[in-house]
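Thanks for sharing this one. Here are my notes as numbered points, to be read with the structure open beside them.

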Amino acid sequence: MSDPISNDVTREQAEEAVRTLLRWAGEDPAREGLLDTPKRVVKAYRDWFSGYGEDPAEYLRRTFKEVEGYDEMVVLRDIEFESHCEHHMAPIIGRAHVGYLPTCRVVGISKLARVVEGYARRFQVQEKLTAQIAHCIQENLQPAGVAVVVDASHECMTTRGVHKRGVSMVTSQMLGAFRDDARTRAEFLQFIGIHGGVR
Ligand SMILES: Nc1nc2c(ncn2[C@@H]2O[C@H](COP(=O)(O)OP(=O)(O)OP(=O)(O)O)[C@@H](O)[C@H]2O)c(=O)[nH]1
Ligand SMILES: [Zn+2]
């Protein structure tokens, strides 16, 4: 399998960079317990950052004709994800809630979770992640509206820096009917368990 994230960087160069960081932190990369660490880290990066090798729009190509008689919103809530913040390369762990108002086509529900994964497995800023998910669905499914709420904890805030545990960041991107119609938005927020801003 070709390396989806390295571009012109070889696996050997990536492993050497890990050895450099280990040395910089005060370790001896030749120590027995660390010998395979660069290889493991590069493998972990392939997993965490596999989103660079994906086009999330592809997941939305396969649609079904709207289910007869159903013309209300579809909501997928509590989609767990792991991402990494682009400022500190520290984990962002949270949940995304995605809703849309189909016009004539619906998508297999797993595909909404795949879109979340495709963008989460990159270096991210939460606001950008939220907007990318919403715009991808809007552009590719052309529904009457899309709503995305992301609720996540940033390890750059919990394990370092300001050290605030239990803090989560909530972002939302509302498009179309969810933006224009307060009742549609309220219904979505009720579905995902947010009432008047309090979960
Ligand atoms: N808006 C936003 N901020 C983020 C996100 N992830 C991390 N940050 C913040 O990015 C900021 C980077 O600030 P800097 O002052 O450049 O970095 P720093 O010195 O490491 O800051 P501290 O975290 O306060 O120690 C920090 O306030 C982080 O909390 C995100 O997804 N969205
Ligand atoms: Zn950070």
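1. Let me start with the sheet of this predicted model. It is open and has five strands, in the order β5-β2-β3-β6-β7, and the pairing is mixed. The edges are taken by β5 (123-124) and β7 (169-176). Each of these has a single partner strand, so one side of each lacks a neighbour in the sheet.

2. Helix α4 packs on this sheet and touches β2, β3, β5, β6 (145-154) and β7. If you want an angle to check, the direction of α4 makes about 25° with that of β7.

3. Next, the pairing of β2 with β3. Strand β2 covers residues 74-85 and strand β3 residues 91-101, and nine bridges hold the two in an antiparallel pair. To fix the register on screen, look for leucine 76, which stands opposite valine 98 in β3, and valine 75, which stands opposite glycine 99 in β3.

4. The two strands form a hairpin, with five residues between β2 and β3. Which residue in the turn has a positive phi? That is methionine 89, with a value of about 60°, although methionine 89 is not a glycine. Methionine 89 has 12 C-beta neighbours inside 10 Å and therefore counts as exposed, since a residue with 12 or fewer falls in that class.

5. On its other pairing, β3 is joined to β6 by ten bridges, and the two strands run antiparallel. One pair to look at is isoleucine 92 with its bridge partner in β6, histidine 154. How many of the eleven residues of β3 are buried? Eight are, so β3 is largely enclosed by the rest of the structure.

6. Aspartate 151 is a residue of strand β6 that I would look at separately. Leaving out residues up to four places away in sequence, aspartate 151 touches Gly94, Arg95, Ser168 and Val170. It has 18 C-beta neighbours inside 10 Å, so aspartate 151 counts as partly exposed. For a sense of scale, the C-alpha atoms of aspartate 151 and glutamate 32 are separated by 40 Å, with the two residues 119 apart along the chain.

7. Now to the ligand. Which residues surround ligand 1? They are Cys85, His87, Val125, Gln126, Glu127, His154, Cys156, Met157, Gly161 and Val162. Two elements give two or more residues to this shell, namely α4 (126-141) and α5 (155-158). Sorted by class, the shell has five nonpolar residues, four polar ones and one charged one. His154 of this shell is also the histidine that bridges to isoleucine 92.

8. Histidine 163 deserves a look at its backbone. Its phi is positive, near 50°, in a residue other than glycine. Histidine 163 sits in the loop between α5 and β7. With 8 C-beta neighbours inside 10 Å, histidine 163 counts as exposed.

9. Helix α7 (residues 182-191) has a buried side and an exposed one, and the residues can be named. Thr184, Phe188 and Leu189 are its buried residues. Why do they lie on the same side of α7? Because the arc they cover around the axis is only 135°. As a reminder, an α-helix has 3.6 residues a turn, so residues three or four places apart point the same way. Ala182, Arg183 and Gln190 are exposed on the other side of α7.

10. What covers the buried residues of α7? The cover includes β2, β3, β6 and α6 (177-180). Just after α7, glycine 193 takes a positive phi of about 90°.

11. Finally, the chain as a whole. Its secondary structure comes to seven helices and seven strands, and from the N terminus on the elements run α-α-β-β-β-β-α-β-α-β-α-β-α-α. The C-alpha trace spans about 65 × 40 × 20 Å along its principal axes. The chain has 199 residues, of which 27% count as buried. Among contacts in the chain with a separation of 6 or more, 70% come from residues 24 or more positions apart.

Key
Residues are numbered from 1 along each chain as its sequence is written. Chains are lettered from A and ligands numbered from 1 in the order in which they are written. This is a predicted model: local features need pLDDT of at least 70, side-chain atom pairs count only at pLDDT 80 or more; totals for chains, interfaces and linings use all residues. A residue is near a molecule or strand if its C-beta atom, placed from the backbone, lies within 6 Å of it. Helices (H or I, at least four residues) and strands (E, at least two) are DSSP runs, numbered from the N terminus. Ala, Val, Leu, Ile, Met, Phe, Trp, Tyr, Cys and Pro count as nonpolar, Asp, Glu, Lys and Arg as charged, and the others, Gly among them, as polar. Two strands pair if DSSP finds at least two bridges between them. Two residues are in contact if their C-beta atoms, placed from the backbone, lie within 7 Å. Axes are lines fitted to C-alpha atoms, for helices over the stretch in contact, and angles run from 0 to 180 degrees between N-to-C directions. A residue is buried if 20 or more other C-beta atoms lie within 10 Å of its own, exposed if 12 or fewer, and partly exposed in between; C-beta atoms are placed from the backbone. The arc is that of the directions from the helix axis to the C-beta atoms.
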